[in-house]
Amino acid sequence: MKFRKIELKNFRQFYGEQSISFSTNKTKNITLIHAENGTGKTAFLNAILWCFYEITTSNFKEPTTLLNKIAKSENTKSYSVSIEFEDDKSDVYLVQRGVDQNNKVFRVYEVINNTYKEIDKPNSFINSVIPKDMAKYFFFQGEGIGKMSGSKGDSVVKTAVREILGFTIAELALADIQSVKKEYQKSFSLADKSGQLSKLQNEIMALEEAIERNNNLLNEFSKTIAMYNEKLEVIEERLSNSDSAVIKQIHSQRKSTESQLIREEQLLSDALKEKRTIISEFATTVFGFELSGFALDFIDEAEYKGTVPAPYNEQLVTDILKASTCICGSDIKPGTKAFSLIQDMLKQAADPMLENRIRKARSQLTSIKNDSAKAKNRFSSNIKRLADAETAIIKLKKDLDELIIKIKGAASLEGIQGLESERSRARENLIQDERASERAKIEIENFQKTLSLKKSELNRLDTYSTEMQKYKELADYAEKVEQVLKTTLSDSEKDVELRIIEKVNKYLSQFVRQDYKAKLNPATFDIRLVDRNDHIVPESDGQALLLSLTFIASLIELSRERKDAQGQILTPGAIAPFVVDAPFGDLDKKYKGHVAKAIPNSVEQVIFLLSSSHWEGAVESNIREKVGVEYNMVLEESSEAKSKSMDSITILGKEYETVRYDKTVDRTVLEKVGAYV
């Protein structure tokens, strides 16, 4: 998409009709608009946003007062903004938004051979060209840009990534499908007349809600844990680089001691887990050891006396009688005395199954007896590990307390006491949140196990009515859709973590003097500069702005790559002009020049709104050959000049007025300047 022309009629400072024709040249793709502070840069940017979406930027004052004041004093009630653009197929469209005699007007036309064909559902069409959620990254307010890191950086970055990926509609769909699933589950319960199935279903719903609550808690804990870790890293860096050799030495000892403490606490945790495993594995051995001795003695004595399992084998006696032949070879005929005597033996004969059970019992009892030595060794070793870890932890904690006292004793040095207090609070909060996070994980795991059992139990029951079966199938289908949406969003978010940071670092490598790179914290989506040792770098205002601009440029590049993205879940990306109001703020000359040169190389069409302080020097020299058309915003005042300065701007060696006095009305006019007049 490329802008061809914009026309403003009685919109804010722009009294009457003012227009600009943008450069659509592929090589000279910059439209440069010079505008000193107060002439209308922000109003111009907001005219574009308002025309497309009826929205404005957060720093746009009095956003509901759009009618030019002079026009209003003349009883004119109409104002409008029209934008003509072409898509990637060179088809031309015209967007018009305005107020005509207090009636709102919004229309989109397709322009074919100078004829205008109105498009149905203009809002849907505009959102298909540039989704509303993505617009603020293309029509960009540079002044007052938020940082990509710090207390609010996480929401800025994460929101931007989700919007540029087209998450908004998918997340709304996810919320809807979850609501629909709950309704089907409730209908299922209401249709159950027995109450047995509805009880199970209600338990399932309660478990799902509990899992969702704990997942939300887990996400919040992940953010705060990451925040406290980052805060501690910064404090550690300051203490490690202290000018005081004593503080550096003590802090180094403390860091070493804390590392040892973490290792010992992990060893203690591992030993406790092993203890639970040993108890589970050898509980029978420990508690059955004495009983196994008595049982084996009883079996051995009974076997010696011939009472266990029995003096005779039942199968042997039966086989003799059936064959009518003794094992000695003598005939055994029914009715004889020998036959009767052998038949009487069956009364004392042992069942082979009984013999098998006795053999198994002997084997198990022998195993218990033999395992006793192994169990003793395992328990003794585990008890020693637990004792060693606990002893080491007590000692290390004592050593830490002494080191902390030593550091606090140096309160007069470099504000060490304040740093130490801040560090102590951060560590305490970190430990609390880590523990809470672990509890949430355990609860989620337990809830999921119970949920799985409840669902299996519900699926095993076959007492559904036809109505219940219908609602169950609908709920199951909704759950499958829910899982597809969750998986798609999760996978997309993970994929973009790497891609976005690669792009940011690609730009930074061109700009930053030091050997710095950007790093994204996946828990918070906080982007920070780090040095070659992966340590966080305290950013200057200029570096923070540079990081923000490279992030925005990376988002636009990512959006362009996703222009033809397929699928029915995420919204495809967009290709659009990059309209930037005052982007270079606190950047020094070198940074300004590098960024100004890089932006037109990564975007098809650029519209810079720049004051003289922003563009003169490094910016001009780096973008001049890419400028396709150039305008100047001139402030016209009806008041007399008197002692006021007659401000001007020099463009390509020619001087142009930026303010004029003794004019008919107060307004801003747009005039083509430079080599393009």
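Me: Strands here are DSSP runs of E, at least two residues long, numbered from the N terminus. In which strand does Glu84 lie?

Reply: Keep in mind that this is a predicted model. Leaving aside neighbours within four places in sequence, Glu84 is in contact with Lys2, Phe3, Arg4 and Lys5, and also with Val92, Tyr93 and Leu94. The element that Glu84 itself belongs to is strand 4.

Me: Okay, and is Glu84 buried or exposed?

Reply: The cut-off for buried is under 20% relative accessible area. Glu84 has a relative accessible area of 19%, so the verdict is buried.

Me: Val81 lies in strand 4 too. What is its relative accessibility?

Reply: Val81 has plenty of company: setting aside residues within four places in sequence, it is in contact with Ile6, Glu7, Phe11, Ala47, Trp50, Cys51, Val95, Gln96 and Arg97. Val81 counts as buried because its relative accessibility is 0%.

Me: How far apart in space are Val81 and Phe52, C-alpha to C-alpha?

Reply: Phe52 is one of the buried residues of helix 1, while Val81 sits in strand 4. Along the sequence the pair is 29 residues apart. In space, C-alpha to C-alpha, the separation is 9.3 Å.

Me: Let's stay with helix 1, residues 41-53. How many of its 13 residues are buried?

Reply: The buried list includes Lys41 and Asn46 alongside Phe44, Leu45, Ile48, Leu49 and Trp50. Helix 1 is largely enclosed by the rest of the structure, because the buried count out of 13 is twelve.

Me: What span should helix 1 have, at 1.5 Å a residue?

Reply: The end C-alpha atoms of helix 1 are 19 Å apart. That agrees with the span expected for 13 residues, which is 18 Å.

Me: Which residue takes a positive phi just after helix 1?

Reply: Helix 1 runs over residues 41-53, and Tyr53 is among its buried residues. Just past the helix, a phi of about 60° turns up at Glu54.

Me: Asn10 and Asn75 have positive phi too, though neither is a glycine. Which of the two counts as exposed?

Reply: Asn10 has a phi of about 55° and lies in strand 1, residues 2-11. At 9% relative accessibility, Asn10 counts as buried. The other one, with a phi of about 65°, is in the loop between helix 2 and strand 4. At 67% relative accessibility, the exposed one is therefore Asn75.

Me: Lys77 is found in that loop as well. How far is its C-alpha from that of Gln101?

Reply: Lys77 is partly exposed, at 41% relative accessible area. Not counting residues up to four places away, Lys77 touches Leu67, Val99, Gln101 and Asn102. Lys77 and Gln101 are 24 residues apart along the chain, yet their C-alpha atoms are separated by 5.0 Å.

Me: On to helix packing. How are helix 6 and helix 13 oriented to each other?

Reply: Helix 6 (residues 167-191) and helix 13 pack with their axes 8 Å apart, at an angle of about 155°. Angles over 145 degrees count as roughly antiparallel. That makes helix 6, relative to helix 13, roughly antiparallel.

Me: How many charged residues does that contact of helix 6 with helix 13 have?

Reply: The crossing of the two helices is left-handed. By class, their contact has 16 nonpolar residues and four polar ones, and the charged count is eight.

Me: Helix 13 also packs with helix 15. Which word describes how those two lie to each other?

Reply: Their axes are 9 Å apart, and the angle is about 140°. That is not over 145 degrees, and not under 35 or in the 65 to 115 range, so it falls into the remaining class. Helix 13 and helix 15 are therefore oblique.

Me: Which residues of helix 15 make the contact with helix 13?

Reply: The crossing is right-handed. Helix 13 contributes Tyr507, Gln510 and Phe511 to the contact, and helix 15 contributes Tyr591, His594, Val595, Ala598 and Ser602.

Me: What is the distance between the end C-alpha atoms of helix 15?

Reply: Helix 15 covers residues 589-602, and its buried residues include Gly593, Ile599 and Pro600. At 1.5 Å a residue, its 14 residues should span 20 Å, which agrees with the distance between the end C-alpha atoms, 21 Å.

Me: Last one, for the whole protein chain: what percentage of its residues count as buried?

Reply: The chain's secondary structure comes to 17 helices and 19 strands. Among its contacts with a separation of 6 or more, 71% are between residues 24 or more positions apart. Of the 677 residues, the buried share is 43%.

Terms used: Residues are numbered from 1 along each chain as its sequence is written. This is a predicted model: local features need pLDDT of at least 70, side-chain atom pairs count only at pLDDT 80 or more; totals for chains, interfaces and linings use all residues. Side-chain values use heavy atoms; hydrogens and water are left out. Helices (H or I, at least four residues) and strands (E, at least two) are DSSP runs, numbered from the N terminus. The expected span of a helix is 1.5 Å times one less than its number of residues. Buried means under 20% relative accessible area, exposed over 50%, partly exposed in between (1.4 Å probe, protein chains only). Axes are lines fitted to C-alpha atoms, for helices over the stretch in contact, and angles run from 0 to 180 degrees between N-to-C directions. A crossing is left-handed if the near helix is turned anticlockwise from the far one by less than a right angle, and right-handed if clockwise. Contact means heavy atoms within 4.5 Å. Ala, Val, Leu, Ile, Met, Phe, Trp, Tyr, Cys and Pro count as nonpolar, Asp, Glu, Lys and Arg as charged, and the others, Gly among them, as polar.
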